[in-house]
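Work through the exercises below with the sequence and the coordinates at hand, and try each task before reading its solution.

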Amino acid sequence: MPTNLPPEAKDKWEEAEAAKNPREKLRLLEEFLSLVPQHHGTSRLCVQVKKQITNLRKEIEEKKRKKTGKTAPKSFLEKEGAAQIALIGLTKVGKSSLLTAVTNAKVEVSPNPYATRELVPGIMNYNDIQFQIVEAPALMEGASAGKAWGPKTLATARNADGLIIMVDLSQDPIEQLSTTLAEMESAQIVVVKPKARVEVDRRSTGVGMHITVFGKLADCTFKEVEELLKGYHVTDAVVKIYGETTLKEVENAIFESTVYKPAVIVANKIDARGARNRLKLLETYAGKKLPIVAISCYTGSGLENLGEVLFKTMSIIRIYTKEPNEKDYSEKPFILKRGATVYDLAKNIHSDLSEKFSFARVWAKRLPYSPQKAGSSFVLEDGDIVEIHAK
Ligand SMILES: Nc1nc2c(ncn2[C@@H]2O[C@H](COP(=O)(O)OP(=O)(O)OP(=O)(O)O)[C@@H](O)[C@H]2O)c(=O)[nH]1
Ligand SMILES: [Mg+2]
């Protein structure tokens with residue numbers, strides 16, 4: 001059953017949601033919390049709201065600090081290439097060494113801890129794809145509570161398309177991985193796709209409500225989901241429901257902001273003594289959940305596997321386009337998410353083109369003959385060549 005909040009709490013929530021000023025939002029959220037009845041059904045909601053309150057307090061403090069001191073550097077970087085991958089891990093695991101080995105970036109590799117204190121981007125080429133790898137300052141215990149560069153690194157991870165979680169095989173990798181994952185989880189970033197997932201993406205007024213169920217509603221109807229959202233005054237939003245989801249989970253999604261990021265574990269220093277045994281332990285511990293690439297930045301071993309694993313983990317496809325009447329297709333592919341359709345491609349080329357779309361011709365190995373005429377809902381796969389005809 002959903003939490004069944006009293007109407008005055010729902011109204012207060014709406015006020016808090018609409019508040020633009022962090023101080024005002026903080027006050028309203030505290031008032032909201034005082035109106036929420038305390039029982040088992042509301043405990044998760046209370047935890048989420050308390051987290052929001054903590055974050056707001058930090059934000060306000062940070063602003064105060066900025067006013068008195070220098071302006072803080074941006075907490076994340078402009079995206080480039082097919083995907084932005086945040087390179088994170090504890091200190092001295094070899095993040096800068098990897099960035100130097102596989103990208104064009106120049107960054108200091110140092111035996112001293114916490115050498116990298118800013119975000120450092122670099123471009124890594126894999127076939128005709130470019131990945132932007134961003135080294136973030138090292139995580140540590142307490143990062144999610146605001147320690148050191150924690151907030152910057154976690155904001156970068158939250159904003160990235162995917163993650164490289166790096167561990168050092170000259171020491172216990174499981175402990176390092178656990179610390180890294182725990183800090184991320186506290187910052188509501190998860191790397192294992194939850195079975196059920198609800199995304200509530202609020203939009204500006206007038207957009208209306210768009211609910212799509214990709215999975216199944218376990219204990220409620222579509223109408224009940226609509227009613228629940230309306231009850232919280234969510235009127236303009238894109239809502240996506242994945243997996244088998246309960247009404248309670250939909251309600252939780254209104255309050256929380258957990259994000260899922262595809263991730264690869266890179267286990268560095270495979271050249272170190274005892275590293276192979278530690279790798280085996282790591283594989284047993286995490287190998288079923290996440291892909292692991294064992295490398296050595298010293299010897300270069302394993303580096304050649306990183307591109308392919310990233311490509312697979314990021315679930316992206318390359319689509320080559322061709323002008324009607326031309327023989328050759330583009331050298332530079334469009335990068336789309338796996339499952340993308342001809343319509344998504346057209347929209348990517350030009351927003352106009354999706355409206356003027358007439359039909360497409362697709363060349364692909366899996367088709368019995370090529371080119372094949374295709375409609376806008378045709379699902380594309382990596383390597384397809386597409387020619388779009390407009391009206
Ligand atoms: N044995 C071995 N040592 C390595 C390897 N890669 C990096 N190192 C060493 O590990 C230390 C830390 O390397 P960095 O690349 O600076 O590590 P980092 O993760 O960027 O560290 P911070 O930015 O300080 O958090 C340096 O002394 C490197 O020489 C490797 O493959 N094998
Ligand atoms: Mg570094």
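The exercises that follow concern a predicted model, and each solution proceeds step by step.

**Exercise 1. The surroundings of ligand 1**

Determine how many residues surround ligand 1 and which are the closest, and then establish how much of the accessible area of ligand 1 the protein covers.

*Solution.* Begin with the shell, which consists of 23 residues, the closest being Ser-96, Ser-97, Ala-115, Asp-271 and Cys-297. Sorting the shell by residue class gives nine nonpolar, nine polar and five charged residues. Next, look for oxygen atoms of ligand 1 that lie close to polar protein atoms: a backbone N or O atom of Gly-94 is 3.0 Å from one oxygen atom of the ligand, and a polar backbone atom of Ser-110 is 3.1 Å from an oxygen atom of ligand 1. A side chain takes part as well, since an N or O atom of Asn-268 lies 3.1 Å from a ligand oxygen, and these distances fall under the 3.5 Å limit for a polar contact. Finally, of the 660 Å² of accessible area that ligand 1 has on its own, the protein covers 91%.

**Exercise 2. Helix 4**

Identify the helix that gives the most residues to the shell around ligand 1, and decide whether that helix is largely enclosed or largely open, naming the elements against which its buried residues pack.

*Solution.* The element in question is helix 4, residues 95-102, which gives three residues to the shell. To judge its burial, apply the cut-off of under 20% relative accessible area; the residues of helix 4 that are buried are Lys-95, Ser-96, Ser-97, Leu-98, Leu-99 and Val-102. Because six of its eight residues are buried, helix 4 is largely enclosed by the rest of the structure. The packing partners of these buried residues are strand 1 (83-89), strand 2 (120-126), strand 3 (129-135), strand 4 (162-168) and helix 10 (306-313).

**Exercise 3. Helix 11**

List the buried residues of helix 11, and explain why they lie on the same side of the helix.

*Solution.* In helix 11, residues 342-349, the buried residues are Val-342, Leu-345 and Ala-346. These residues cover an arc of only 100 degrees around the axis, and they are therefore placed on the same side of helix 11. The general background is that an α-helix has 3.6 residues a turn, so residues three or four places apart point the same way. The buried residues pack against strand 14 (316-322), strand 15 (334-337), helix 12 (351-356), strand 16 (357-363) and strand 18 (385-390).

**Exercise 4. Two buried side chains with polar partners**

For Gln-48 and Arg-318, state whether each is buried or exposed, and find the side chain with which each makes a polar contact.

*Solution.* Take Gln-48 to begin with, a residue of helix 3 (residues 43-68). Its relative accessible area is 9%, so Gln-48 is buried. The side chain of Gln-48 makes a polar contact of 2.7 Å with the side chain of Gln-188, and, once neighbours within four places in sequence are set aside, Gln-48 is in contact with Gln-188, Phe-255 and Glu-256.

Turn then to Arg-318, which is placed in strand 14 and which, at 13% relative accessibility, also counts as buried. The side chains of Arg-318 and Asp-128 are joined by a polar contact of 2.9 Å. Beyond its neighbours within four places in sequence, Arg-318 has contacts that include Asn-127, Phe-311, Phe-334, Glu-381 and Asp-384.

Conventions: Residues are numbered from 1 along each chain as its sequence is written. Chains are lettered from A and ligands numbered from 1 in the order in which they are written. This is a predicted model: local features need pLDDT of at least 70, side-chain atom pairs count only at pLDDT 80 or more; totals for chains, interfaces and linings use all residues. Side-chain values use heavy atoms; hydrogens and water are left out. A residue is near a molecule or strand if one of its heavy atoms lies within 4 Å of it. A polar contact is a pair of N or O atoms within 3.5 Å; within protein, one must be able to donate a hydrogen and the other to accept it, and residues adjacent in sequence count only if both atoms are side-chain atoms. Accessible areas come from the Shrake-Rupley method with a 1.4 Å probe; for residues, only the protein chains shown count as cover. Helices (H or I, at least four residues) and strands (E, at least two) are DSSP runs, numbered from the N terminus. Ala, Val, Leu, Ile, Met, Phe, Trp, Tyr, Cys and Pro count as nonpolar, Asp, Glu, Lys and Arg as charged, and the others, Gly among them, as polar. Buried means under 20% relative accessible area, exposed over 50%, partly exposed in between (1.4 Å probe, protein chains only). The arc is that of the directions from the helix axis to the C-beta atoms. Contact means heavy atoms within 4.5 Å.
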